[in-house]
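Biologist: Could you take me on a close look at the salt bridges in this model? I am new to reading structures, so please go step by step.

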Amino acid sequence: MNSTAGNPNIRTGKHRKGRRTAAHILEQSTQVLMRDGYSQFSLRRVAQAAGVTLGNLQYYFPTKPDLVEAMLVHVIEGYVETFDRLMAEVEGRPEEQLTAVLTYVIRDLTNPRTTVLFPELWSMANHEPAVQQYVEDLYETYRRIVAGLIARINPRLSPGQVRLLTIFITASIEGHTPFTGHGKRWEHLTPAIEEVAIEAYLELIQSGDLPEVPDPE
């Protein structure tokens with residue numbers, strides 16, 4: 001995954017105040033994207049929302065692509081930290097760790113921020129190749145965590161089968177967004193869907209009854 005540390009144009013601040021300012025700008029950038037959508041997303045609007053001058057914002061994020069890059073990395077890091085914490089809290093069995101991660105992801109779909117933010121990121125990815133790569137980085141980071149747990153649950157699975165299950169599980173959960181996301185018609189079914197989905201996923205992983213597919217390169 002790319003990191004803002006690798007972009008010489010992005011200054012995240014050497015001092016605590018600067019880091020707080022950069023983090024505040026990134027949080028506000030997600031709010032602007034959610035409120036105004038991709039077509040209206042701009043440095044000026046983010047600066048206004050963050051309560052800083054355009055020049056101050058551009059000290060940290062000189063261009064719109066720089067800001068978008070940093071925002072996406074910020075989102076990715078937030079999820080990775082949450083997944084790491086969840087797995088640390090559930091010691092031992094990988095089944096319990098995977099259940100904790102997937103439970104969080106399914107419930108997170110009902111979060112207003114998630115329901116609105118991710119469709120906007122998908123929209124941006126459709127128009128901006130660089131954004132498409134960062135969105136893919138986000139999902140690939142998530143998939144690596146899920147794949148590692150699947151492989152531990154059933155070591156008999158081939159790398160190709162692990163990859164197949166990982167794509168199937170993560171894609172099927174993501175597909176619930178327009179149906180069970182915040183304010184959507186079937187949001188109230190989330191607890192039942194969570195129970196059915198996780199039980200089905202674990203049974204499929206443990207059984208290993210899967211087609212053979214080529215191993216990932």
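Modeller: Happy to! Let's begin with Arg93, which forms a salt bridge with Glu95; their closest N and O atoms are 3.9 Å apart. Please keep in mind that this is a predicted model. The pair counts because a salt bridge needs a side-chain nitrogen of Lys or Arg within 4 Å of a carboxyl oxygen of Asp or Glu. Why can such a pairing arise at all? Side chains of opposite charge can pair when their charged atoms come close.

Now look at how each partner sits. Arg93 has a relative accessible area of 47%, so Arg93 is partly exposed. Glu95 has a relative accessible area of 14%, which means that Glu95 is buried.

You can try the same reading on another pair. The side chains of Arg35 and Asp36 meet in a salt bridge, with 2.8 Å from N to O. Arg35 counts as exposed because its relative accessibility is 56%. Asp36, with a relative accessible area of 18%, is buried. The cut-offs make this easy to follow: buried means under 20% relative accessible area, and exposed means over 50%.

Next, find Glu140 and Arg163, whose salt bridge has its closest N and O atoms 3.1 Å apart. This pair links distant parts of the chain, since Glu140 lies in helix H7 and Arg163 lies in helix H8 (residues 159-174), 23 residues apart. Glu140 is buried, as its relative accessible area is 17%. Arg163 is partly exposed, as its relative accessible area is 31%. There is a wider picture here too: salt bridges that share partners join Glu136, Glu140, Arg143 and Arg163 into one network. By this rule, the count comes to nine salt bridges.

While you are at helix H7, have a look at the nonpolar side of the story. The largest nonpolar core has 62 residues, and the members that touch the most others are Ile25, Phe61, Leu98, Leu102, Leu121, Ile150 and Ile173. Helix H7 (residues 129-153) gives the largest share of this core, 12 residues. To see some of the packing for yourself, click on Leu98: apart from neighbours within four places in sequence, Leu98 is in contact with Val146, Leu149, Ile150, Ile153, Leu202 and Ile205.

One last stop is at the surface. Phe179, Trp186 and Leu189 make a nonpolar surface patch of about 290 Å². You will find Leu189 in the loop between helix H9 (177-180) and helix H10 (190-207). Leu189 is partly exposed, because its relative accessible area is 34%.

Methods:
Residues numbered from 1 in each chain as written. Predicted model: local features only at pLDDT ≥ 70, side-chain atom pairs only at ≥ 80, totals over all residues. Heavy atoms only, no water. Patch = residues over 30% accessible without salt bridge, like charges linked within 9 Å, V, L, I, M, F, W, Y side chains within 5 Å. Areas by Shrake-Rupley, 256 points an atom, 1.4 Å probe, with all protein chains shown as cover. Helix = DSSP H or I, 4+ residues; strand = E, 2+ residues; numbered from the N terminus. Buried < 20%, exposed > 50% of the residue type's maximum accessible area, 1.4 Å probe, protein only. Core = buried A, V, L, I, M, F, W, Y, C linked by side-chain atoms within 4.5 Å. Contact = heavy atoms within 4.5 Å.
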